[in-house]
Amino acid sequence: MNLNYKIGLRTIKSSIAVAVCVLIAYIIGNRDMIFFGGVASIICMQQHYKDTFKTGLHRFSGTLLGGVLGFITIMSGVYIPKYSNGINAIVIAVAVLVSIYLCNVFSLNEAASISCIVLLNVTANYDGSTMAFNAFRYVIFRVLFTLVGVVVSILVNRLICPYKNKPAEENHDILNDDSFEPQDDINNIKFIPGLRTIKTSICIIICVAFSYLIGNTEAIFFCSVASVLCMKQSHYESLSTGFFLFMGSVYGGLLGLLALFVSSFIPSQYSWIEMIIITAAVFLGIYGCNLVRANASTSITCIIMLKFISVFYESATTYKEITSFLVFVVLLFTLVGIVFAVLVNKFVYPLDASEKSI
């Protein structure tokens, strides 16, 4: 535990950026903005606004790619027989493989994770409408929300206490999302998918098949995202990353539950206070991860927390049902996804940490 940790500007700016995104969600009346805009603003926030712009460009490119592939995946269900009876596992896995492949081809390695997350969120939560217009609108709104989050992050970093000179990287206050990137070693037009890309796709097939067997579509998102983020060079690295991933999921879920609980006591005419509560939850998420030196858990903590809040925001669900969702959907399926990633990495052409995936 880092008892000497001091709250840095990135933590404060990230919380402000999320507050702006939540405010926009209130104004437009769409809770999806809390998740997509909030996550984008957090993972784009860097020490210098120029770095934020570069990271934001990569994240938006990944989001756009994930959205397009998600739309294609959704529409493929109209033309593929028995799509929902297991064929979707293969289609989604191929889409993930293509997503990672294109990110490597265009040297957008940092966009690989967000591209897969958007792709999986789109394909897992689509309501099943076969109309192309509805599917396109479903995807385009999520891409726009992410773009808004990127722009908010850049503006907040530029206008609020901007650094005049690029500072040296510090040991604290780091939103360490890059440690989760499923990137390969070759980044050019001749890129050949490496073992990590192939193993990630295998994990997606297993996760989607698992969700089909148990009859729960929520498992697609949480299992698959956990598998994507845990796939590393060796199964030892996957296991280590999985530990931080799961602990971040627990912490993020508990903070989301706490935010929803406190918000339930706020009268409807003071709904702006809920914005402060969500912002405070994000602040505590970032601060807590840095306090216990678990920087690698920061991004997943915020992702799970904002996903949790956006699902139950202004819903009539009881706390028993919300708690059940946290334990038996978020945490259980995240753990299952981690186990899948570790097992696939262990038994499918295993590599030592010193070997390269080629």
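These are my notes on aromatic rings and cavities in this predicted model.

**Rings**

I searched the whole structure for aromatic pairs and got 10. I picked out Phe35 and Phe36, which sit edge-to-face, 5.1 Å from centre to centre with 80° between the planes. Both of these residues are buried.

Next I looked up Phe221 and Phe222. Their ring centres are 5.2 Å apart and their planes meet at 85°, so I wrote this pair down as edge-to-face too, since over 60 degrees is what that label takes. Phe221 has 2% relative accessibility, so it goes down as buried. Phe222 comes out at 3%, so it is buried as well.

Do these pairs belong to one cluster or to separate ones? I found Phe35, Phe36, Phe221 and Phe222 in one aromatic cluster, along with Phe325.

Then I checked for a charge over the rings. Lys307 lies over the face of Phe35, 5.3 Å from the ring centre. Lys307 also lies over the face of Phe221, at 4.7 Å.

**Cavities**

How many cavities of 30 Å³ or more are there? I got 4.

The largest holds about 80 Å³ of space. Its lining includes Phe35 and Phe36 from my ring notes, plus Ile303. Helix 2 (32–44) and helix 5 (112–125) are the elements giving two or more residues to that lining. I sorted the lining into 8 nonpolar, 3 polar and no charged residues.

The second largest cavity has about 60 Å³. Among its lining residues are Phe221, Phe222 and, again, Ile303. Helix 8 gives the most here, with 4 residues. This lining splits into 8 nonpolar, 1 polar and no charged.

Notes. Residues numbered from 1 in each chain as written. Predicted model: local features only at pLDDT ≥ 70, side-chain atom pairs only at ≥ 80, totals over all residues. Heavy atoms only, no water. Phe/Tyr/Trp six-rings, centres within 6.5 Å; stacked < 30°, edge-to-face > 60°. Buried < 20%, exposed > 50% of the residue type's maximum accessible area, 1.4 Å probe, protein only. Lys NZ or Arg CZ within 6 Å of the ring centre and 35° of its normal. 1 Å grid on protein atoms, 1.4 Å probe; cavity = no way out; pocket = protein on both sides within 12 Å on 5 of 7 lines; lining within 4 Å. Points joined across faces, edges and corners; volume = space filled by probe spheres on them. Nonpolar A, V, L, I, M, F, W, Y, C, P; charged D, E, K, R; others polar.
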